[in-house]
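The following exercises ask the reader to work through the backbone geometry, strand pairing and charge contacts of one protein model. Each task is followed by a stepwise solution.

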Amino acid sequence: MLNKHLLVKTEPLAKKENLVFFKDYRITLIFDRLFRIEKNVSGKFCDDATQSVWYRNMPPVVHTVTSSEDSIEIKTASVTLHMEADLEDSYVLIDGVRTPVSNDGNLLGTTRTLDQYSGDINIKNNQRLTLGTGVCSRTGVAVVDDTESLRLLDDGALAEAWDNEFDLYVFAYGKAYREAVKALYAITGSTPMLPRYAFGNWWSRYHVYTDEEYIDLMDSFEKYGIPLTVATVDMDWHYSTEIKKQKRIVEEGKISEERGTAMANIGWTGYSWNTDLFPDYKQFLRDLQNRNLKVTLNLHPADGVRYFEDMYEEMALAMGVDPKTEAVVEFDIANDHFVNKYFEILHHPYERDGVDFWWIDWQQGTKSAMAGLDPLWALNHYHYYDNGRDGKHALIMSRYAGIGSHRYPIGFSGDTAITWKTLAYMPYFTATSANVGYSWWGHDIGGHYYGEKDDELYLRFLQFGVFNPINRLHCCNSEILTKEPWAYRNGIGELSREAMVLRHRMIPMLHTANYRTHAEGEGLIEPMYYEYPDCEAAYEANGQYIFAKDYIVAPIAKHSEADGLTSVKVWIPEGKWTDLFTNDVYNIEKGGRWVTLVRSLDSIPVLAKDGAVLPLGNDEGNSVSNPKSLEFLVFNGNNTYRLYEDDEKGVAAFTVVENNSAEGKASVRFHTEGNSSVLPENRSVTLTFKEVVMNTPMDVPLNLPKKMQADVTVKKNGEPIEAKVEKYGTVKVTIENVDYTAEYDVTVEYDVLPELTRVKRDVLMKLLVAEGAFTNRNNLYKNILKVESVADIAASIEISDMSPLEKQRLTEALDF
């Protein structure tokens, strides 16, 4: 029997009140828009949990049943399921519309791996990638087929799939896509919390490192001011195809020279540290821990445990193999006893030495000793629960193994080509995975192999990585291919450093999104149609996505066109949106609008919704502790943001930020809820009012006051207090030594510039950094100062001799 910590508690038995029988069918009402339909001519149906579905014990669903000899109708408060003897003739009535019980119109889900893909095309066979189906559909009905799932019994054992003709889950949620995903979580289990360190920058490279080389590299990142949180050692931590162990074990007398010569290729599987590269691996792990780095090692377990492994004798005896025979202890993930010993002997000792989690790199197919058991699913399931055996937020990294895989974060999407096509496909691929509740993909940021070294591609991929679930740099084992930012020229390295610093600062925001995914079922990244299901453009906007609920991210997936500028077409929905980096404001009319945005190499479009609040950490180094210096970027509008912070053991606190900011008066109130013991002493909080901009270089030519004023009031529990105020550029207010028992109010009142003056200032600030002949730029500058309407500004730009892209950059926000 499996060890206790590998067992899961399920509640698969549905309430009798939710069961309806019709001919050879059993229909289970899970919710008023989710039905389970089983067909079995024997009349015997499955009440066990399966690999995918663990929970059916839902409250009674109010419904009525109308039946005849040939059909049955089950009506709930939301929909009506009409069943015929032939499922193909059955349908669901949603708002009076008949919709077949099928996956026509399915918005798709995800797939096992992107290995060998450039975009959605396989570089080996030129075949197009096929994504699996999800629980969201344009028709309003989606079907999940659970027929082939093995059963998961109460004692944790797996049993063969039930002998049903089919076992289907029918999601009839119409355009309520988020509700469909939440229903999936209800029957399969919620997405667990990830540890906070997962949201920083990961270093990974398939490369034969020595311990000294690796530690020197980590110190180089520190020297360049680039924070990291996860250090990955690919498969050459152990003896592998790249480093042959036979020489050492021959010298040690473990085997004969003849036998050692036969060991020319050990393969990918290994469990013994390569002491030629890591003479004192325990010290190596301590050195990484001392740098505030978490450690993951690569695993390829398919070849079992062979006679030359350090723990071979112990594993062989545990599995009843005579060590003297030197027979392989076969990998058998279907054997409970093997599973227990696999962890106890092969993994736990290294975890005690300092390995934090494992990267499971299974690429050996879907068959095991048990019919129907995919080793990938079993490895994900058991590794995840083993990693969390001490109650901490667990973590693994592995490929997707079907519906329910969100329970075992994070995903590893495999070895992709280093191409613009790969980058262009990633936003769609990552967002669409939300349709199966799979929120936490870890891609090879920058691509893995083939393709080309293009410094801009590296930067643009990394910028996508910053606004991606996991920012994990990785590449193949070539001496002339790496992802260190300093290996990229012409300023790309510095821009990459800035991107990675921003990613680390975003950990408070990402950890809050982590909590929301776990507790509320809302993914970090979602397709645009989740929020705008009635807008056709939302289904066409495959190159962008909703990020952390309040933002739209549109990665740039093509080379710069001229003057270091690139254009990207973005669908912007109705409302007011402000670019996080450029501060451009877009006020969009009802129905949304496609807009061509132009960006230089230092940013991609990240548009903040009206009232957004973005938390950032300002502490230096690799630490992922709840930050002592905390900053909130505040955008005009009305919104309440709840920053989640915890000790990763169940104790948590919320910083509640109420934003009520408008032109002329920005107002923020914040306080702490929950257990403040998890928060640092003497915390400072900075409020950066993104749309309150004072005293720019263009104020003098525009004849603005020499020093524009903003009246700032800061109160603690209603009483005025002192605070640090910065009024040059974006206005910032910093409160030191925050009292977690108090409520703070910060108000910034300022004069609103006339529209023409504001637009002139914005355009001139862009012109200040625009490239082009000085004469052309200067002539345009003088014309803009003279004109008397926004339309004249646009006309002046249009007739100028600036390049087409610079013109677009200068005018793109003028008509909003």
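The exercises below concern this predicted model.

**Exercise 1.** Determine how strand 1, strand 2 and strand 3 are connected, and state whether strand 2 is buried or exposed.

Solution.
- Step 1. Strand 1 (residues 19-22) runs antiparallel to strand 2, and 4 bridges join the two. Within this pairing, L19 has T28 as its bridge partner.
- Step 2. The two strands form a hairpin with 2 residues between them. In that turn, K23 adopts a positive phi of about 50°.
- Step 3. Strand 2 also pairs with strand 3 (residues 34-39), again in the antiparallel sense, over 6 bridges. Here Y25 stands opposite K39, and a hairpin of 2 residues makes the connection.
- Step 4. Buried means under 20% relative accessible area. Of the 7 residues of strand 2 (residues 25-31), 6 are buried, so the strand is largely enclosed by the rest of the structure.

**Exercise 2.** Locate the backbone features at I410, A548 and N737.

Solution.
- Step 1. The peptide bond from P409 to I410 is cis, its omega being near 15°. I410 belongs to the loop between helix 9 (375-387) and strand 20 (411-412).
- Step 2. A548 is not a glycine, yet its phi is positive, at about 50°. This residue sits in the loop between strand 24 (545-547) and strand 25 (551-553). With a relative accessible area of 6%, A548 is buried.
- Step 3. N737, likewise a residue other than glycine, has a positive phi near 50°. Its place is the loop between strand 40 (729-735) and strand 41 (744-750).

**Exercise 3.** For the open sheet of 6 strands, find which strands stand at the edges.

Solution.
- Step 1. The order of the sheet is 33-34-35-41-37-38, with antiparallel pairing.
- Step 2. The edges are strand 33 (637-646) and strand 38 (719-720); each has a single partner strand, so one side of each is left without a neighbour in the sheet.
- Step 3. Strand 38 is joined to strand 37 (residues 710-716) by 2 bridges, and K716 stands opposite E719 in this antiparallel pair.

**Exercise 4.** Assess the sequence separation and exposure of the salt bridges made by K182, R669 and K716.

Solution.
- Step 1. The structure holds 41 salt bridges. In one of them, K182 contacts E179, with the closest N and O atoms 3.8 Å apart. The two residues are 3 apart in helix 1 (residues 177-188), which means a separation of about one helical turn. K182 is partly exposed at 27% relative accessible area, as is E179 at 35%.
- Step 2. R669 and E743 form a salt bridge of 3.8 Å, N to O. R669 lies in strand 35 (residues 665-674) and E743 in the loop between strand 40 and strand 41, so the pair ties together parts that are 74 residues apart in sequence. R669 is partly exposed at 34%, and E743 is partly exposed at 29%.
- Step 3. K716 meets D739 at 3.4 Å, N to O. This pair links strand 37 with the loop between strand 40 and strand 41, across 23 residues. K716, at 29%, is partly exposed; D739, at 25%, is partly exposed.

**Exercise 5.** Identify which residues gather with E212 in a patch of negative charge.

Solution.
- Step 1. E212 is found in helix 2 (residues 211-223) and is exposed, with a relative accessible area of 60%.
- Step 2. On the surface, E213, D216 and E479 gather with E212 in the patch.

Notes
Residues are numbered from 1 along each chain as its sequence is written. This is a predicted model: local features need pLDDT of at least 70, side-chain atom pairs count only at pLDDT 80 or more; totals for chains, interfaces and linings use all residues. Side-chain values use heavy atoms; hydrogens and water are left out. Patches are made of residues with over 30% relative accessible area and no salt bridge: like charges are joined within 9 Å, nonpolar side chains (Val, Leu, Ile, Met, Phe, Trp, Tyr) within 5 Å. Accessible areas come from the Shrake-Rupley method with a 1.4 Å probe; for residues, only the protein chains shown count as cover. A salt bridge is a side-chain nitrogen of Lys or Arg within 4 Å of a carboxyl oxygen of Asp or Glu. Lys and Arg count as positive and Asp and Glu as negative; His and the chain ends are not counted. The place of a charge is taken as NZ of Lys, CZ of Arg, CG of Asp or CD of Glu. Helices (H or I, at least four residues) and strands (E, at least two) are DSSP runs, numbered from the N terminus. Buried means under 20% relative accessible area, exposed over 50%, partly exposed in between (1.4 Å probe, protein chains only). Two strands pair if DSSP finds at least two bridges between them.
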